[in-house]
Amino acid sequence: MTQKNWEVVIGLETHAQLSTLSKIFSGASTAFGAEPNTQACPVDLGFPGVLPVPNRAAVERAIRFGLAVGAHIAPVSIFARKNYFYPDLPKGYQISQMELPVVQGGSLRIQTKAGEKVVNLTRAHLEEDAGKSLHEDFQGQSGIDLNRAGTPLLEIVTEPEMRSSEEAVAYARALHALVRWIEICDGNMQEGSFRCDANVSVRPLGQKEFGTRCEIKNLNSFRFLERAIEFEIKRQIELIEDGGKVVQETRLYDPDRDETRSMRSKEDAHDYRYFPDPDLPPLCVSTEWIAEVAAGMPELPEVRKVRYETELGLSAYDAGLLTATREAGEYFEALQSAAKGVDAKLCANWVNGELSAALNRAGLELTDAKVSATKLAGLLVRVGDGTISGKIAKELFEIMWSEGGEVDALIESRGLRQISDTGALEVVLKELISKHPTQVEEYRGGKEKVFGFFVGQAMKATQGKANPAQLNELLKILLAGD
Amino acid sequence: MRFTEEDVRRVARLSRLALEPKEIKGFQLDLSQILDLAEKLLAIDTSKVEPLAHPGSSSVFLRPDVVTEINQREAFQAVAPEVDRGLYLVPRVVE
Amino acid sequence: MSLTELLNQGLLEISAALGRREVSAVELATAYLDRIDQAQPELNAFITVDRKHTLQEAALADEMRVASPDLPWVGIPIAQKDLFCAKGWRTTAGSRMLENFISPYDAHVVEQLNRQGFVTLGRANMDEFAMGSSNENSFFGPVKNPWDLTRVPGGSSGGSAAAVAAGLAPAATGTDTGGSIRQPAAWCGISGIKPTYGRVSRYGMIAYASSLDQAGMFARSAQDLALLMDVISGHDPRDATSVNRQDAPCSHGLHQPIRGLRVGIPKQWFGKGLSDGVKAVVESAIQELLALGCEGVEIDLPMSEQAIPAYYVIAPAEASSNLSRFDGVRFGHRAAQYKDLGELYEHSRGEGFGPEVKRRILMGSYVLSHGYYDAYYLQAQRVRRLIANDFERAFERCDVIAGPVAPTTAFPLGSFGADPVQMYLADLYTIPVNLAGLPALSVPAGFDHGLPVGLQLIGPWWEETRLLQMAHAFQTATDWHTKRPASYSGVTQ
């Protein structure tokens, strides 16, 4: 296989479950994990005569997303019915948006090894989720649980602009971070709150027309997304190079076998007979409503990144890390506001350095950090006001991480206060100088690196509590002699 | 006739309706007649007319995000043809 | 007044008798139930009669009357079209599909009536899923017209209309998608109203064509219709098409004078197709309105002849989708024999639905399917707008449109057995109104060869009161609405 002669074309359709309390068209709960069919009301069950009424909060979240990606929020959009029969689809149709979605256009910036890239979005539309079919333990029958039926989804569709699995994963991660940042989706991929369908095709380099695409459904982890696309690219290129043809179809990724396979059951030439839902008049979003939603939006990650760079003087790298996830953003903002007067760069270094390393070692997420933003702030305030040195701070951080405790109490109980008293330090240094006359001679003879020897000895004598700046200054004077 | 037998079979499949062979013949005739009726619409110039899907000019009513429904599984499943442990049963679904 | 006489009275008289304790709700319900039992073999106006259930409701009403003496309708019995879900009642929609469906909830209309203390006499027969104009499409057998048992009562709310006409109930609920209240009201010689789309919640009313369906009422007079409208109207947050407005109660405007109101007479509606007998009755009714001080204006509804073709694209399209939920999985008929999921669906639906329902589902799937959507469905929606525009223009020149309800009187049972599509053509004066979402009513206007003829009054959106006001004035000046079929005049045979 000669992948370098081929160009890969990928478009993603992502289903983000919107974080509402009730369903998109009914007042049933969306809470995860309830007993089967206990959160399915007559509307969700498709009972006779009952009607859908849209949830204002679901629309509000769609508007929030549209604003976050710079999209056009349609003043009038239409709910349509997608008709097909399936046991997990109780009404025999899914309410979705077809011709006129609520969010149109927009884009998302992604970072890859090659640098930054903008992925354009086609649309994002509101729709209802289906229920679940369970296949085990029903004597050859399937059991249908409709708790999930009617859960609000925002389906976010990109243009076919990604050219590698790396870009696709970078996009999915950026989108995942964004929907969580603006709090429209909890992003829980195990529970299916965020899942991707990947449309993959290949074409010979330089060819304008797209190749025939396959859609890989329901990828619920970034790793599966990457693996599925990689497999699919390889499969399609091999197929074409062997003289075959790609058939447009829906495929399923099997993580156990690490391969995609055709979903034949869904193949029988669907004719979805879309038409405007006669139960639902047009969805109107006023400019006032959009303005109201905009006013309540959190600062977007891209905006905050620029602010960190320009106002706080952070490097693009640090600013990027601190705005990559909602948790990082929240942690750093909390740290900043608690650590008054402490240099922002110091804060950034600690979050991206010590804290991040400790999390990695423990295999924890930021939300589970053993040292909270407030506690870390307390520590950094003490570094800032000279009470402790950076070195001591790192030791203290380790203690706080493993044993807990308040920074000031730890400093006192362990006697870690930095020696900033010139008199006390002078006594220590003078004693050192008298104990090591040879080294003093060497230094005075021009052997500058002996200076380090004295610093080390002084730190050892003070158990690291000497203020390094003060130590340097005083030592220079004393070594120079009178 | 405008409707072929194959047309009837195609829409019956889309509609998940089992039809007897003699029903197919009858529907072929009826549907052709309805189509003749509908055909009259095609002569009307509507090039400047927007489709009207809902009477009136209202926009959709939006409800607040409040959980109003309680679990009534037992009542709802009392009218179900076949359930087991709270699940609706159907012949095995092939994925 | 004897109980027998009381049974033929209007709501206010019955309410007064209940208020004076001359009769109890249980006595009243029992008397109507006896009449129903007697008439049922002949008329077949009901699908379900449940004496025990009704008398329980009536007993509760008698208690409620003591507790809330100010509620006027407590204990008044009504018939419910079997399309409205009612908790604890079998709700069939006239279909084998729902032969054993006991609804776990109440429709909005049922709930509103129950709250006011109305007592359900039974579940009125109807065309299956409200599809039909003769009530011959019911799985539970056709309803007969009380004026002539060889004829149909009209449809789809045929059972409701026949019940009120035969004095089996003082009022009944109905639904009107293309004329299903007005046409049976006309053919059974009673009053019936189809409100503005969005005025009465559709919640719990089993859907046929959602953008056309509207709940309404049958009664013996325009006054009773006005009183009932005030019970069932109003915003319901469970129906996204229910409109939130604060209209004055219909009954308040009922006695306003009609002098000076402009009555629009559509020139297209009195030509070819309208039978001479019906034409004569309708024309003389309009003359009566003019004699009462209304001004006659000729109006033009050129697109209304396109209403039937547009309707038979739009209504089946919506129906094909609305009826997909009847799949034998969660409720309703499930076939006994199937070997896989596909057969479960196909057999359950094939057995559960009757021929007219299948016909419309097939037609609907066809016009929505790939390659036909633009040509048929979208074109029909465009024509629908043209029809609505026609009315809008007409109402610039008139306040109410008056015309026939149906081109003929009730036809004999079985007239269109071999040719169901021909029956569609008879709805030419009622369907345009549903396409435009307008309010309209039918009041008895006279007879043609002994069969009742209705006068249709159509108003602009939300002007039910104006229609009822005009109908009430007409009924104050005439007595057509008081005529009862001879064999059901209330005298025990």
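Biologist: Why does C:Phe129 count as buried?

Modeller: C:Phe129 has 1% relative accessibility in this predicted model. Buried means under 20%. The value falls under that cut-off, so C:Phe129 is buried.

Biologist: Where is C:Phe129 placed?

Modeller: C:Phe129 belongs to the loop between E3 and H6 of chain C. Its phi is positive, about 55°, although C:Phe129 is not a glycine.

Biologist: What joins C:Gly155 and C:Ser156?

Modeller: A cis peptide bond, with omega about 10°. C:Ser156 is in the loop between E3 and H6 of chain C.

Biologist: Why is helix H6 of chain C called largely enclosed by the rest of the structure?

Modeller: Count its buried residues. H6(C) spans residues 158-165, and 8 of the 8 are buried, so the helix is largely enclosed. Among them are C:Gly158, C:Ser160, C:Val164 and C:Ala165.

Biologist: What do the buried residues of H6(C) pack against?

Modeller: They pack against strands E1 (46-48), E2 (77-81), E3 (119-124), E4 (171-175) and E6 (215-219), and against helix H7 (182-188), in chain C. After H6(C) comes C:Gly167, with a positive phi near 75°.

Biologist: Over in chain A, how do you know that the buried residues of H6(A) line one face of the helix?

Modeller: In H6(A), residues 301-311, the buried residues are A:Pro301, A:Arg304 and A:Tyr308. Seen down the helix axis, they fall within an arc of 60°, so they line one face. An α-helix has 3.6 residues a turn, so residues three or four places apart point the same way.

Biologist: Which exposed residues does the face turned away from the buried side of H6(A) carry?

Modeller: A:Thr310 and A:Glu311. The buried residues of H6(A) pack against helices H3 (165-181), H7 (316-322) and H8 (326-338) of chain A. A:Gly313 follows H6(A), with a positive phi near 70°.

Biologist: What makes H10(C) oblique to H13(C)?

Modeller: The axes of H10(C), residues 307-322, and H13(C), residues 373-394, come within 9 Å and cross at roughly 125°. Roughly perpendicular covers 65 to 115 degrees, and roughly antiparallel is over 145. The angle fits neither range, so the pair is oblique. The crossing is left-handed.

Biologist: Which residues make that contact?

Modeller: From H10(C), they include C:Ala307, C:Val313 and C:Ile314; from H13(C), they include C:Tyr376, C:Gln381 and C:Arg384. The contact residues divide into 10 nonpolar, 1 polar and 1 charged.

Biologist: Why is H9(A) called oblique to H10(A)?

Modeller: H9(A), residues 344-362, and H10(A), residues 373-384, have axes that come within 11 Å and cross at roughly 130°. That angle lies between 115 and 145, so H9(A) is oblique to H10(A). This crossing is right-handed. The contact is made by A:Leu346, A:Cys347, A:Trp350 and A:Val351 of H9(A) and A:Leu376, A:Leu379, A:Leu380 and A:Val383 of H10(A). These residues divide into 8 nonpolar, no polar and no charged.

Biologist: Why does A:Asn218 count as partly exposed?

Modeller: A:Asn218 has 44% relative accessibility. Buried is under 20% and exposed is over 50%, with partly exposed in between. So A:Asn218 is partly exposed. A:Asn218 lies in strand E13 (residues 214-219) of chain A. Its phi is positive, near 55°, in a residue other than glycine.

Biologist: What makes B:Arg9 partly exposed?

Modeller: Its 38% relative accessibility. That value is also between 20% and 50%, so B:Arg9 is partly exposed. B:Arg9 sits in helix H1 (residues 5-14) of chain B.

Definitions and conventions:
Residues are numbered from 1 along each chain as its sequence is written. Chains are lettered from A and ligands numbered from 1 in the order in which they are written. This is a predicted model: local features need pLDDT of at least 70, side-chain atom pairs count only at pLDDT 80 or more; totals for chains, interfaces and linings use all residues. Side-chain values use heavy atoms; hydrogens and water are left out. Buried means under 20% relative accessible area, exposed over 50%, partly exposed in between (1.4 Å probe, protein chains only). Helices (H or I, at least four residues) and strands (E, at least two) are DSSP runs, numbered from the N terminus. The arc is that of the directions from the helix axis to the C-beta atoms. Contact means heavy atoms within 4.5 Å. Axes are lines fitted to C-alpha atoms, for helices over the stretch in contact, and angles run from 0 to 180 degrees between N-to-C directions. Angles under 35 degrees count as roughly parallel, over 145 as roughly antiparallel, 65 to 115 as roughly perpendicular and the rest as oblique. A crossing is left-handed if the near helix is turned anticlockwise from the far one by less than a right angle, and right-handed if clockwise. Ala, Val, Leu, Ile, Met, Phe, Trp, Tyr, Cys and Pro count as nonpolar, Asp, Glu, Lys and Arg as charged, and the others, Gly among them, as polar.
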